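User: I am new to this structure and would like to take a close look at one part of it, the place where two helices meet, with the terms explained as they come up.
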Amino acid sequence: MSTEAVKWAMDDAPMLRTASGKPDSTARHVLQALAEHADKQGRNAHPSVTRLQYRTGFDRRTVQRAMRRLEDARLITRDGSVQDRVKWRLAMHLLRPASDWEELERAEDDGRAAAAERKRRSRAKKVTHSESVTVTDAECVTEGDVTHSDSVRHALERRDVTHSASGRHALSAAVTTNQPPVEPPTTPMAEGGDHSYGPRALGPNAPIDDDGFALTDAMRGWAIRTFGNALDIDYETAQFVDHFRAQAVHRPNWAAEWQKWIRRSAKFASERQRTNNVLQLPSGQTLTGTDARVAGWLALASGEENQ
């Protein structure tokens, strides 16, 4: 085997093209296998077709057709015979044009530019253009009993109240039923499709924002078909986005990660429903826990006596 002949077949030989203009990788592979049997001048290569089949993995007809294409392109020529096999000579004076390498480099640069443009457009969708922003003077929106923006404290009061039904903390909930709720100051929203996923702290975007995660109609439809009205889809999606913003981790498939989150939330909701005994009496009183279980047993016993 000659390293000169093998290098020529691998790097320097002109690349044959198919009818569609793509590289003829089959002929290239056969040429490389043939070069392994040539001397450093590219002569005296006479492997059998069976040997070329073994080296390349192609069937016999494929190898023969590739040899004909190489011969038609004059990359190999017949140079006598030995033991009923044709001796081939490689046309090592024929060299691949430098434009082949330049074309590959140009295609790679174009691919990188296209990827950068797609990323730029994705980021641009999350940015509000200056023409659509309304500027309001601070004196027009500051009331007498509101702390001015120069102050280090917010004028709005925040209260930590636990809702009796959901068990969730609501920082902006009203103290009494007669008092209107106090809303915290608004911050920029992360837009995804037609839905908003809650406030985002100022600073670099999290991976979930850079990747442009959005709740689509197809995703919402899947959740409703699978779990009905057991879940608040918008609330769960906001929780999902906030979680991964806090984690600042990347996921290769955000839609699949969102589905896993919804399934887990539905499971937890189902478990809570089974473990939290709640009984509504005709009088309007609500019994929970042990009281609800005892009332249920009494109702069951009363029903059996009436039968």
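Is the crossing of helix 2 and helix 3 left-handed or right-handed?

Analyst: The structure is a predicted model, in which local features need pLDDT of at least 70 and side-chain atom pairs count only at pLDDT 80 or more, while totals for chains, interfaces and linings use all residues. Residues are numbered from 1 along each chain as its sequence is written, and side-chain values use heavy atoms, with hydrogens and water left out.

The crossing of helix 2 and helix 3 is right-handed, a word used when the near helix is turned clockwise from the far one by less than a right angle, with left-handed kept for an anticlockwise turn. The axes of helix 2, residues 25-35, and helix 3, residues 49-56, come within 10 Å and cross at roughly 115° (axes are lines fitted to C-alpha atoms over the stretch in contact, and angles run from 0 to 180 degrees between N-to-C directions). On the side of helix 2 the contact (heavy atoms within 4.5 Å) is made by H29, V30, A33 and L34, and on the side of helix 3 by L52, R55 and T56. These residues divide into four nonpolar, two polar and one charged, where Ala, Val, Leu, Ile, Met, Phe, Trp, Tyr, Cys and Pro count as nonpolar, Asp, Glu, Lys and Arg as charged, and the others, Gly among them, as polar.

The loop between helix 2 and helix 3 holds N44, a residue other than glycine whose phi is nevertheless positive, near 60°. With a relative accessibility of 39%, N44 counts as partly exposed (buried means under 20% relative accessible area, exposed over 50%, and partly exposed in between, with a 1.4 Å probe and protein chains only).

Helix 2 also has a buried side, made up of A27, R28, V30, L31, A33, L34 and A35. The cover over these buried residues includes helix 1, helix 3, helix 4, strand 1 (76-82) and strand 2; helices (H or I, at least four residues) and strands (E, at least two) are DSSP runs, numbered from the N terminus.

From here the view widens to the core. The largest nonpolar core, a set of buried Ala, Val, Leu, Ile, Met, Phe, Trp, Tyr and Cys residues joined through side-chain atoms within 4.5 Å, has 22 residues, and those with the most contacts inside it are L31, L34, M67, L70, I76 and L90. Two or more residues come from each of helix 1 (3-12), helix 2, helix 4 (60-72) and strand 2 (85-90), and helix 2 gives the most, with six residues. Another core, of 18 residues, lies apart from this one, with A206, L215, W254 and W261 among its members. In soluble globular proteins, nonpolar side chains tend to be buried together.

One residue shows how the largest core is joined: leaving out residues up to four places away in sequence, I76 touches L31 and L34, as well as M67, L70, E71, W88, R89 and L90.

As a setting for this part, the chain has 11 helices and eight strands, and 23% of its 307 residues count as buried. Of the contacts in the chain with a separation of 6 or more, 49% are between residues 24 or more positions apart.
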